[in-house]
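Grab a viewer and work through these exercises. Each one starts with a task and then goes through a solution step by step.

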Amino acid sequence: MTLSFEHETLTEQKRLLNGQQVTVNQLMPLKYHWAWEHYLNGCANHWMPNEVPMNKDIETWRNNTLSVDERLVIMRNLGFFATAESLVGNNLVLAIFKHITNAECRQYLLRQAFEEAIHSHAFLYIVESLGLNEQEIFTMYHTIPAIARKDAFEIKLTSALLDPDFTTDTVEGAQTFLKNVIGYYVIMEGIFFYSGFAMILSFHRRNLMTGIGEQFQYILRDESIHLNFGIDLINGIKAEHPTLWTAMFQQEIIALIHEAVKLEIAYAQDCLPQGILGLQASAFRQYVQHIADRRLERIGLPLQYHSSHPFPWMSETIDLTKEKNFFETRVTEYQAASTLRWD
Ligand SMILES: [Fe+2]
Ligand SMILES: [Fe+2]
């Protein structure tokens, strides 16, 4: 038996879920090159919140430049993201990581977990910089019903995997696991985050609260890689375990997305009771539906809404591709540093 044949066999034996022949300690030979690529892309985008200047934001916040409605939008989104980042990180480490049986995917999950910690750090840094009431922000997931409902939706998916009897060995168990992965990558990071991205980046576009805006740009950039990894993982598990993707299970996922879209539209209405310059709650119905359809098609499910994109300016900002030179110098500097050659 030749070495290359052995390698080929070993590679073929790797599995994303329920792999039994190759342990999670064996990174090479790589099988899932996409996981490694996402890992490298995540590393190339390294940033730290406390390196983003907040002086202009502090001034804007203190001298009452913003209207009451504008302040509400910012407070609500800080409150939502402050906890959401933590829920994502915890679900990753406590629920997803254990069941992924492949080393290159776990390598990515470790990188992502660190990025979620950086995102939580960003919210602490913003709250401290602006001198906001930390108790108020960090308890909104209890006190603001529109946030509480989104979080409860996600927490239920985590709890299902934390049951001591939970296993992915059965079809039902593996489907529950897949539902968690879809619930976090596609719904939380792919739908629930996007109204907030749009709202906060609309301030940045008007040259207001640019320190928060810059941090949201970096978070959005990280989150788009998280979403892409999640979609590759979901489609990879589907391909390796086609028996999971039954017509009934697909209907269950579509129903879950319908429920999430309703929660997200309600959240946008709560953040924008009277609208702010350029952003009305009514447009968010269309926006959330449009985003949901984009996510559905990427995991091979039929479009549900056929809504057009209501914020043309955002397609440049939010649906950015890697090629677009959208981010400011800081990320570019980090990227340059990460590719330094020492010879
Ligand atoms: Fe995050
Ligand atoms: Fe994330």
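**Exercise 1. A helix pair**

How closely do the axes of helix 10 and helix 13 come, and at roughly what angle do they cross? Work out the arrangement and find the residues that meet.

Before starting, some housekeeping: this is a predicted model, in which local features need pLDDT of at least 70 and side-chain atom pairs count only at pLDDT 80 or more, while totals for chains, interfaces and linings use all residues. Residues are numbered from 1 along each chain as its sequence is written, with chains lettered from A and ligands numbered from 1 in the order in which they are written.

*Step 1.* Find the helices, which are DSSP runs of H or I with at least four residues, numbered from the N terminus (strands are E runs of at least two). Helix 10 covers residues 194-205, and helix 13 covers residues 281-298.

*Step 2.* Get the angle. The axes are lines fitted to C-alpha atoms, for helices over the stretch in contact, and angles run from 0 to 180 degrees between N-to-C directions. Here the axes come within 10 Å and cross at roughly 130 degrees.

*Step 3.* Classify it. Under 35 degrees counts as roughly parallel, over 145 as roughly antiparallel, 65 to 115 as roughly perpendicular and the rest as oblique. Helix 10 is therefore oblique to helix 13.

*Step 4.* Add the handedness: a crossing is left-handed if the near helix is turned anticlockwise from the far one by less than a right angle, and right-handed if clockwise. This one is right-handed.

*Step 5.* List the contacts (C-beta atoms, placed from the backbone, within 7 Å). Helix 10 brings Tyr194, Ser195 and Ala198, and helix 13 answers with Phe284, Tyr287, Val288 and Ile291.

**Exercise 2. Another pair to compare**

Repeat the procedure for helix 2 and helix 5.

*Step 1.* Helix 2 spans residues 33-44, and helix 5 spans 103-130.

*Step 2.* Their axes come within 8 Å and cross at roughly 25 degrees. That makes helix 2 roughly parallel to helix 5.

*Step 3.* The crossing is left-handed.

*Step 4.* Among the residues that meet are Trp36, Tyr39 and Cys43 in helix 2, and Tyr108, Arg111 and Gln112 in helix 5.

**Exercise 3. Two sides of a helix**

Which residues of helix 3 are buried, and which helices do they pack against?

*Step 1.* Sort by burial: a residue is buried if 20 or more other C-beta atoms lie within 10 Å of its own, exposed if 12 or fewer, and partly exposed in between, with C-beta atoms placed from the backbone. In helix 3 (residues 55-62), the buried ones are Asp57, Thr60 and Trp61. They cover an arc of only 100 degrees around the axis (taken from the directions from the helix axis to the C-beta atoms), which puts them on the same side of helix 3.

*Step 2.* Recall the geometry: an α-helix has 3.6 residues a turn, so residues three or four places apart point the same way.

*Step 3.* Look at the face turned away from the buried side: it carries the exposed residues Asn55, Glu59 and Arg62.

*Step 4.* Follow the buried side outward, and you'll find it packing against helix 5 and helix 11 (210-240).

**Exercise 4. The annotated sites**

Take the two "binding site" lists in the unreviewed UniProt entry and check how they sit in space. Positions use the numbering here, feature names are shortened, and annotations may be inferred rather than shown by experiment.

*Step 1.* One UniProt list holds Glu85, Glu116 and His119. They're spread over 35 residues of sequence, yet the largest C-alpha distance is 6.4 Å.

*Step 2.* Glu116 lies in helix 5 and is buried, with 24 other C-beta atoms within 10 Å. His119 is in helix 5 too, and counts as buried with 23 C-beta neighbours inside 10 Å. Leaving aside neighbours within four places in sequence, His119 touches Glu85 and Ile219.

*Step 3.* The other UniProt list holds Glu116, Glu189, Glu223 and His226. These span 111 residues of sequence but cluster in space, with a largest C-alpha distance of 11.1 Å.

*Step 4.* Glu223 belongs to helix 11 and, not counting residues up to four places away in sequence, touches Glu189 and Phe193. His226 is also in helix 11, and with the same exclusion it contacts Gln112, Tyr185 and Glu189.
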